[in-house]
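Open your viewer and get a surface tool ready, as this tour moves from the whole fold to an enclosed space inside it. Which residues line that space?

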Amino acid sequence: MHRVGSAGNNSNSVRPRKEKRLTYVLSDADDTKHCAGINCLAVLKSSVSDGSDYLFTGSRDGTLKRWVLAEDSATCSATFESHVDWVNDAVLVGDSTLVSCSSDTTLKTWSCLSDGICTRTLRQHSDYVTCLAAAEKNSNIVASGGLGGEVFIWDLEAALAPVSKSNDAMEDDCSNGVSGSGNPLPMTSLRTISSSNSITMHTTQSHGYVPIGAKGHKESVYALAMNETGTILVSGGTEKVVRVWDPRTGSKTMKLRGHTDNIRALLLDSSGRFCLSGSSDSMIRLWDLGQQRCVHSYAVHTDSVWALASTPTFGHVYSGGRDLSLYLTDLATRESLLLCSKEHPILQLALHDDSIWVATTDSSVHRWPAEGHNPQKVFQRGGSFLAGNLSFSRARISLEGSTLVPVYKEPTLSIPGTPAIVQHEILNNRRHVLTKDTAGSVKLWEITRGVVVEDYGKVSFEEKKEKLFEMVSIPGWFTVDSRLGSLSVHLDTPQCFSAEMYSADLNIAGKPEDDKVNLARETLKGLLAHWLAKRRQRLGSQSSANGDVLSGKDITPRSLAHSRIEVDGSAENDSMVYPPFEFSTVSPPSIITEGSQGGPWRKKVTDFDGTEDEKDFPWWCIDCVQHNRLPPRENTKCSFYLHPCEGSAVQILTQGKLSAPRILRIHKVVNYVIEKMVLDKPLDNPDGNFAPGLGGGQLQHSAVGDGSYRPGLKPWQKLRPSIEITCNNQVLSTDMSLATVRAYIWKKPEDLVLNYRVVQGR
């Protein structure tokens, strides 16, 4: 899973604490499209005759979207962004509340007709939350299930009641709490994002409210269903049994055996008498809970059944799964029809009048005819088969060559998504990432700006990667993944601050060529430019000409404790964002991170309002962007020896070990040799002074600086010899850095050895 938070460090541990990570998620597409598979669907019917119906979709890209439905169109009217990992399920509760669950271990409640307002975050699960169930006629009850066998029943009215305690009091109450089930101090963290998109944190025991735990599952739960009054709950998962619960108390009432593999989908009729289950054993089973037994088995699919939807009368079931096919089955006559078959496994279904919405592992959603009010009309078309009651009976039909012809060839409406990124490679320059998506398109991203700089179309990923190879060595300062269907770039301190480049190599106009630019620092400035501007507006009189002044609440023991933090004095204009680090405001990235309180969160960089502080951001991000401080970093110098080439009559310039920045170019070494030869010593430079020689025949340790020649040295320019620098008998390009030479030419753990010689006739 894409976990943003890092493990804490208890008071008895001597292991250093791992600092919180900052992740930014890139997008080059319209925000109205999903960019990963659709895990869940929910339809909200209009309460007035001429009103619009809505479709809600939850995606593996971590967001939910609301679509306004018309006869021949669907328009995205809101994006719900707060989860930091896959959205796995969503249910509508009443007329105005949407509840979602995620692999980030949380449930979130949303005002479903708002502009994407998350009203609360509920934390009780200790692992992925995989499924939800709601009672249609009881808008207070929602059940959640997840990995680790956890099932909770939530009373939303109690869980979402306003919190009256102050933040400070709540922090004190919860300082010793442990989130998760079965803990001595169960917690519910409530996170509110107000209409202005500002973040307010309420971490509390929710005034004593704890959800009911349905304890009994020993393994993961993948499916839940509840009857309309909320008096019966069924669950299934990797234990291959259907468990039945009383959600009012969390007590078990029965356990139904019959499936031979994981249970992936469940349905209950309105009364709670009959239950349908779909399993990875490819079977659909109908259970009579009154008789506590399976009354019918349906061998319809040739692979795992992952999604079920029934007609209002529970007389017919629509089913889909891993075999890419959608079937309609008459539960009484056992007749089945193949409605449609496409390219992607089906993850969820949602009936909508006489149509059915189909969600798959693709980022698009499709609407197909279903005749939900009178499914017999579909059977009148012919082409049905009789579902067997054993899984091999359906497999045998396929093997015998009885090819089924789908009733429908094309959907009546499609909501297109953006192809998900499925392959990526960080290039050697540590600024570009090559990606390939599900459509086969290969693109080149510049991650310091968050944009696609080249779309190569459908070409060979490996060939393009080889073609883009550069012989450069820059420390790895970020990591990436594509779990959310787009590029997520992860920054961890202090590693992220290890990479530097000269401003000349970044083509930064108006900045001295030899100024060193820290890539992570400038990237963070670009990401948080909007936040910093808003922050400074809010601070107002607390700002000075030298930058922001810490207010009392900003000074924390954490920031005071890190006395080894380095102030980056080279950045004289610490608020300027240079062009190579300007992020798009058309398709802005989203930040995923967490601060000192409340857990991980996600938000677009353009939605910050300046109220966010160390409670929301990692302390090191605040220190870097707002206060121009960088954490201690590993040595950025490279030690090397500089000797004449073997057989050369050139004088020996130094016998000691030299030290210079890893990014130093070979042409600066050439300059050093020339200066030493012509003037008998190198000139002063801005990067540091030369150490005095040590007596008694000991080696002299010198430092090679970044500086070029001082002005006014024209009298000896005509004496300047032509110098070549070699390593391992290979002449080095003057554009190479010391780090590149060490990585690609020297290739040894020992200190680098460079040789120099005078080239005649130039």
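Let's begin inside: select Leu26, Ser27, Asp28, Cys35 and Ser486, which lie nearest the centre of the largest cavity. They are among the 31 residues that line this cavity. Bear in mind that the model is predicted.

Now look at the volume itself. The largest cavity takes up about 330 Å³, and a search of the whole structure turns up six cavities of 30 Å³ or more. Rolling a probe the size of a water molecule over the atoms shows where empty space is left.

Next, colour the strands around the largest cavity. Select β4 (63-69) and β5 (74-81), then β34 (432-437) and β35 (442-446), and finally β45 (601-604); each supplies at least two residues of the lining. Which strand gives the largest share of the lining? Keep β34 highlighted, since that strand contributes three residues, the largest share.

Switch to colouring by residue type. What is the lining of the largest cavity made of? You should find 12 charged residues, 10 polar ones and nine nonpolar ones.

Finally, zoom out and show the cartoon. The protein has 52 strands and 11 helices. Of its 762 residues, 55% are buried. Turn on contacts with a separation of 6 or more, and 58% of them join residues 24 or more positions apart. Last, display the accessible surface: its area comes to about 32,700 Å², with 48% belonging to carbon and sulfur atoms.

Technical notes:
Residues numbered from 1 in each chain as written. Predicted model: local features only at pLDDT ≥ 70, side-chain atom pairs only at ≥ 80, totals over all residues. Heavy atoms only, no water. Helix = DSSP H or I, 4+ residues; strand = E, 2+ residues; numbered from the N terminus. Buried < 20%, exposed > 50% of the residue type's maximum accessible area, 1.4 Å probe, protein only. Contact = heavy atoms within 4.5 Å. Areas by Shrake-Rupley, 256 points an atom, 1.4 Å probe, with all protein chains shown as cover. 1 Å grid on protein atoms, 1.4 Å probe; cavity = no way out; pocket = protein on both sides within 12 Å on 5 of 7 lines; lining within 4 Å. Points joined across faces, edges and corners; volume = space filled by probe spheres on them. Nonpolar A, V, L, I, M, F, W, Y, C, P; charged D, E, K, R; others polar.
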